[in-house]
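Hi,

Here is the structure I promised to pass on. Have a look at it first, and then read on for my notes on the side-chain contacts.

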Amino acid sequence: MAKKPKTKQASGRKAKAKGKVKSKTAKPHSRAQRAVTKHAVTKAPLQYIPWHTIPLEELNPLLQRQFVVGQEIMVARVLLKKGCIVPEHSHHNEQLTYILDGALKFSIDGREIVVHAGEVLCIPAHMPHKAEALEDTVDLDVFNPPRADWINKTDQYLRGDK
């Protein structure tokens, strides 16, 4: 009985089994899949933190805050008295501001935007902005990534008398 000659398909299977040939149909992991894998490897601890257990940090007579830091996100509860000015600044962090009570007037991107209780403003990274409290205000700010200057207390633009 004559030996059967090897076909390309058969030799391809052997090479694939040895790890020498990549499948033409196999796709590299998507960015989202890599992110899921990364998070699965570096599991962050669960945190349950009632706001009343976090001391209020007084930055100036009109401004107080509290914050909680996760692995890749930060939420801050910011208390502003009427007339409080947050000077113009920008940062590499994306910011989402949700007003719980009161109102803030933002000067941003050449416009003035008043954000009232129940409303949200999403500020892209690196966009200069400033804010003024039109009344006593409670605001939740969410940052990604967490604000290192707030954590390290090097946020001098907030630590004044206004």
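How many disulfides does the structure hold? The count is zero. Keep in mind that this is a predicted model, so that goes for everything below as well. As for the cysteines, C84 is buried, with 0% relative accessible area, while C122 is partly exposed at 46%.

**Salt bridges**

There is more to say about charged pairs: searching the whole structure turns up seven salt bridges. A good place to start is E57, which pairs with R65, their closest N and O atoms lying 3.0 Å apart. Are these two residues buried or exposed? E57 is buried, with a relative accessible area of 15%, and R65 is buried too, at 1%. Both values fall under 20%, the cut-off for calling a residue buried.

E57 also has a second partner. K153 makes a salt bridge with E57, and here the closest N and O atoms are 3.3 Å apart. This one ties together distant parts of the chain: E57 belongs to strand 1 (residues 57–60), K153 lies in the segment after helix 3 (148–151), and 96 residues separate them. K153 itself has 45% relative accessibility and counts as partly exposed.

If you want to see how these contacts fit together, colour E57, R65, K153, D155 and R159, since a network of salt bridges links them.

Elsewhere, E132 and K105 meet through their side chains in another salt bridge, with an N to O distance of 3.8 Å. That pair also links distant parts of the chain, with E132 in strand 9 (residues 129–133) and K105 in strand 6 (residues 103–108), 27 residues apart. Both ends are partly exposed: E132 has a relative accessibility of 27%, and K105 has a relative accessible area of 23%.

**Aromatic rings**

Now the rings. How many aromatic pairs does the structure hold? There are two. In one, F67 and W150 sit 6.3 Å centre to centre with 45° between their planes, which makes the pair tilted. It is another link between distant parts of the chain: F67 is in strand 2 (residues 63–69), W150 is in helix 3, and they are 83 residues apart. F67 counts as buried at 19% relative accessibility, and W150 is buried at 4%.

Why is the pair of F143 and W150 called edge-to-face? Their planes are at 70°, so the pair gets that label, and the ring centres are 5.1 Å apart. F143 and W150 are both buried. Taken together, the ring pairs join F67, F143 and W150 into a cluster.

**Charges over rings**

Two arginines are worth a click while you have the rings on screen. R65, the salt-bridge partner of E57, has its charged end over the ring of W150, 4.3 Å from the ring centre. So on your screen you can follow R65 from the salt-bridge network to the aromatic cluster that includes W150. R147 does something similar with F143: its charged end sits over that ring, 5.2 Å from the centre.

That's what I have on the side chains. Shout if you'd like to go through any of it together.

Cheers

Notes
Residues are numbered from 1 along each chain as its sequence is written. This is a predicted model: local features need pLDDT of at least 70, side-chain atom pairs count only at pLDDT 80 or more; totals for chains, interfaces and linings use all residues. Side-chain values use heavy atoms; hydrogens and water are left out. A salt bridge is a side-chain nitrogen of Lys or Arg within 4 Å of a carboxyl oxygen of Asp or Glu. Buried means under 20% relative accessible area, exposed over 50%, partly exposed in between (1.4 Å probe, protein chains only). Helices (H or I, at least four residues) and strands (E, at least two) are DSSP runs, numbered from the N terminus. Rings of Phe, Tyr and Trp (its six-membered ring) pair if their centres lie within 6.5 Å; planes under 30 degrees apart count as stacked, over 60 as edge-to-face and the rest as tilted. A charge sits over a ring if NZ of Lys or CZ of Arg is within 6 Å of the ring centre and within 35 degrees of the ring normal. A disulfide is a pair of cysteine sulfur atoms within 2.5 Å.
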